[in-house]
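Please open the model in a viewer and keep the selection panel at hand. The tour below proceeds by selections, with a note on what each one shows.

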There are 2 protein chains.
Amino acid sequence: MVGIRQIEVYIPERRISNYERKEELGITDDFITDKLGITYLSRMGPEQDTSDLCCMAFQNLRGRAGIDPSSIQVLIVCTQNPDYNLPHTSAVVHGKLGLPESCAAFDISLGCSGYVYGLAVVQSFMQLNGMQQGLFFTADPYSRIIDPNDKSTSVLFGDAATVTLISNDSVFRLGRFTFGTRGKGSHHLICREKKLHMNGREIFNFAASTVPPDIHRVLEANGLTIKDIDRFLLHQGSKFIVDFLAKKLGLPPEKTPFVIEEYGNTVSSSIPIMIKPLLNDLSVKQILITGFGVGLSWASGILTRSS
Amino acid sequence: MVGIRQIEVYIPERRISNYERKEELGITDDFITDKLGITYLSRMGPEQDTSDLCCMAFQNLRGRAGIDPSSIQVLIVCTQNPDYNLPHTSAVVHGKLGLPESCAAFDISLGCSGYVYGLAVVQSFMQLNGMQQGLFFTADPYSRIIDPNDKSTSVLFGDAATVTLISNDSVFRLGRFTFGTRGKGSHHLICREKKLHMNGREIFNFAASTVPPDIHRVLEANGLTIKDIDRFLLHQGSKFIVDFLAKKLGLPPEKTPFVIEEYGNTVSSSIPIMIKPLLNDLSVKQILITGFGVGLSWASGILTRSS
């Protein structure tokens with residue numbers, strides 16, 4: 001059974017400061033510290049594209065895990081900001097990395113629930129097709145679609161990419177997943193004419209009403225309770241939403257990290273960025289992951305340390 | 001084991017005639033008849049979007065198969081021309097059809113290989129997650145990105161959508177798949193600044209060199225030979241490429257349909273449009289399907305009549 005073998009991350013070094021823009025945007029220090037929890041936003045360079053962020057993440061994987069590109073049998077990219085509408089970004093990445101022609105490649109389009117969904121897609125696709133080694137990328141650089149004058153979105157999102165190596169020789173195996181969709185609310189977080197529009201209140205209400213029951217559902221589906229979980233990795237939308245959900249569910253703060261102060265909400269990359277440092281922390285045996293956002297869409301899953 | 005239960009199709013009634021444009025484009029009757037094999041191109045209305053094409057296909061399914069929307073557990077849309085970059089088109093369709101919140105939804109981004117890939121994705125996703133009833137849509141209206149003055153693309157592509165009902169109670173079950181990617185050639189079929197650019201010669205050479213070996217590979221993976229197959233459903237790029245591949249492989253013409261004269265190359269919809277009339281043709285027991293195009297990407301699979 002395939003699972004998570006390794007994760008590598010690329011967060012561009014360039015930063016925008018929310019403090020430096022607070023007067024321009026009419027926001028306070030308290031708002032930045034307590035509600036957003038985001039001091040800096042990471043920004044890719046003008047010469048970079050989504051596929052380049054993926055390739056940077058892969059270079060880290062290649063350097064640390066000694067991956068041989070010729071061993072990769074499938075490559076999946078989760079993005080809603082592809083290099084082009086067509087071809088798919090996974091094909092562009094396939095070409096840039098020089099992967100073999102026998103490698104399958106496709107993109108999935110999802111936002112903040114994309115990592116959880118993508119794990120289910122890549123795991124099931126590999127098992128059906130008898131594949132042993134796959135790459136699952138997340139890269140959704142919202143800097144491309146942010147209106148710098150939009151108070152509600154221009155202080156939130158940072159650029160990043162991650163790559164997860166999926167193989168039989170896993171560090172974390174994957175349990176049962178739960179999924180949900182509220183398509184009738186899809187217009188509350190939408191990109192029109194290359195500009196992102198977000199109804200923050202509706203997105204908050206959506207997350208507040210759907211995520212807690214979904215966490216109970218995924219625990220039950222896996223025969224677990226809150227006490228069995230060592231880390232609750234909630235999509236890092238903002239400090240306010242993570243704090244709210246943790247409090248509503250009664251999750252211990254030390255088990256519910258908030259880590260995006262230095263780069264912002266990286267959409268589908270937020271969860272793998274949090275998993276990476278836990279791969280070698282042997283005290284962490286069970287992890288619950290929950291993504292929620294664009295769609296409106298949500299998904300949860302359980303990672304269990306292999307042997 | 002889930003498989004194909006039903007397929008429904010929506011091809012917009014509006015048509016453009018290639019004959020009427022032949023002087024304007026400097027093409028001959030022989031070129032239209034022998035090389036393209038496409039007389040008319042289907043065109044969605046100015047008020048329609050990709051999600052609307054999907055909903056029209058679903059209305060046909062609902063009418064003929066009596067599907068209860070509340071029974072749908074997953075909805076996948078394959079497109080590279082979504083309504084918006086975000087949200088995903090599957091979420092928009094989910095909202096328009098009023099599907100339950102428990103339904104999973106995501107898009108996959110692939111072109112002409114998308115139906116074959118999508119069958120593998122939806123089958124494996126449903127099996128992993130214990131789902132019994134799913135919808136897989138294809139809808140890629142290239143009319144949005146066609147430059148009407150581009151001789152090589154403006155005579156080829158038609159708009160359409162299809163929906164495939166995937167369930168345990170299948171008419172065709174799915175065999176082993178093969179996949180391939182040549183990312184280094186991805187720039188030969190690309191959409192830049194909302195305009196499609198195609199290097200026709202390169203795409204032809206790509207298909208001519210990759211599809212025949214892939215067909216032999218998928219036959220071998222399923223323990224079959226050419227003689228065992230009742231229909232070879234090759235992606236309908238143009239009459240020239242379908243004729244070329246059939247001849248190169250020695251496929252009987254009566255088993256290798258070309259059917260797009262009245263609407264054009266519908267990208268990921270071309271294969272399901274051909275499968276639909278075979279669902280009730282009991283003489284057809286084994287079908288080979290092959291998609292190839294954008295990516296550059298290719299995939300093949302075998303459909304076998306259940307019981």
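How many residues of domain 1 of chain A are in contact with domain 2 of chain A? In this predicted model, 43 residues of domain 1 of chain A touch 44 residues of domain 2 of chain A.

**Stop 1: the two domains of chain A**

Select residues 3–169 of chain A for domain 1 and residues 173–305 for domain 2, as the domain assignment gives them. Their C-alpha centres are 17 Å apart. On the domain 1 side of this contact, colour strand E1 (3–10), helix H2 (29–36), strand E3 (40–42), H5 and strand E7 (161–167) of chain A, the elements that each supply two or more residues. H5(A) contributes the most to that side, with 7 residues. By class, the domain 1 side holds 23 nonpolar, 16 polar and 4 charged residues.

**Stop 2: the relation between the chains**

Display chain A and chain B together. A turn of 180 degrees with a shift of 0.0 Å along the axis lays chain B on chain A with an RMSD of 0.0 Å. This is therefore the relation of a two-fold axis. Both copies use the same surface, since 100% of the contact residues of chain B recur in chain A.

**Stop 3: the interface**

Select the residues of chain B in contact with chain A: there are 49 of them, facing 49 residues of chain A. The elements of chain B that give two or more residues to this side are helix H4 (89–97), strand E5 (104–109), helix H5 (114–128), strand E9 (178–181) and strand E10 (189–192). H5(B) gives the most, with 8 residues. The chain B side divides into 25 nonpolar, 19 polar and 5 charged residues.

**Stop 4: the strand pair**

Select residues 104–109 in chain A and E5(B). The two strands pair in the antiparallel sense over 3 bridges. Centre the view on Ile108(A), which stands opposite Ile108(B) in E5(B).

**Stop 5: the crossing helices**

Finally, select residues 114–128 of chain A, helix H5, together with H5(B). Their axes come within 8 Å and cross at roughly 100 degrees, which means that H5(A) is roughly perpendicular to H5(B). Show side chains for the residues that make the contact: Ala120(A), Val121(A), Gln123(A), Ser124(A), Phe125(A), Gln127(A) and Leu128(A) on H5(A), and Ala120(B), Val121(B), Gln123(B), Ser124(B), Phe125(B), Gln127(B) and Leu128(B) on H5(B). This helix contact comprises 8 nonpolar, 6 polar and no charged residues.

Methods:
Residues are numbered from 1 along each chain as its sequence is written. Chains are lettered from A and ligands numbered from 1 in the order in which they are written. This is a predicted model: local features need pLDDT of at least 70, side-chain atom pairs count only at pLDDT 80 or more; totals for chains, interfaces and linings use all residues. Two residues are in contact if their C-beta atoms, placed from the backbone, lie within 7 Å. Helices (H or I, at least four residues) and strands (E, at least two) are DSSP runs, numbered from the N terminus. Ala, Val, Leu, Ile, Met, Phe, Trp, Tyr, Cys and Pro count as nonpolar, Asp, Glu, Lys and Arg as charged, and the others, Gly among them, as polar. Two strands pair if DSSP finds at least two bridges between them. Axes are lines fitted to C-alpha atoms, for helices over the stretch in contact, and angles run from 0 to 180 degrees between N-to-C directions. Angles under 35 degrees count as roughly parallel, over 145 as roughly antiparallel, 65 to 115 as roughly perpendicular and the rest as oblique. Copies are superposed by least squares on the C-alpha atoms of residues with pLDDT of at least 70 in both. Domain bounds come from an automatic or database domain assignment.
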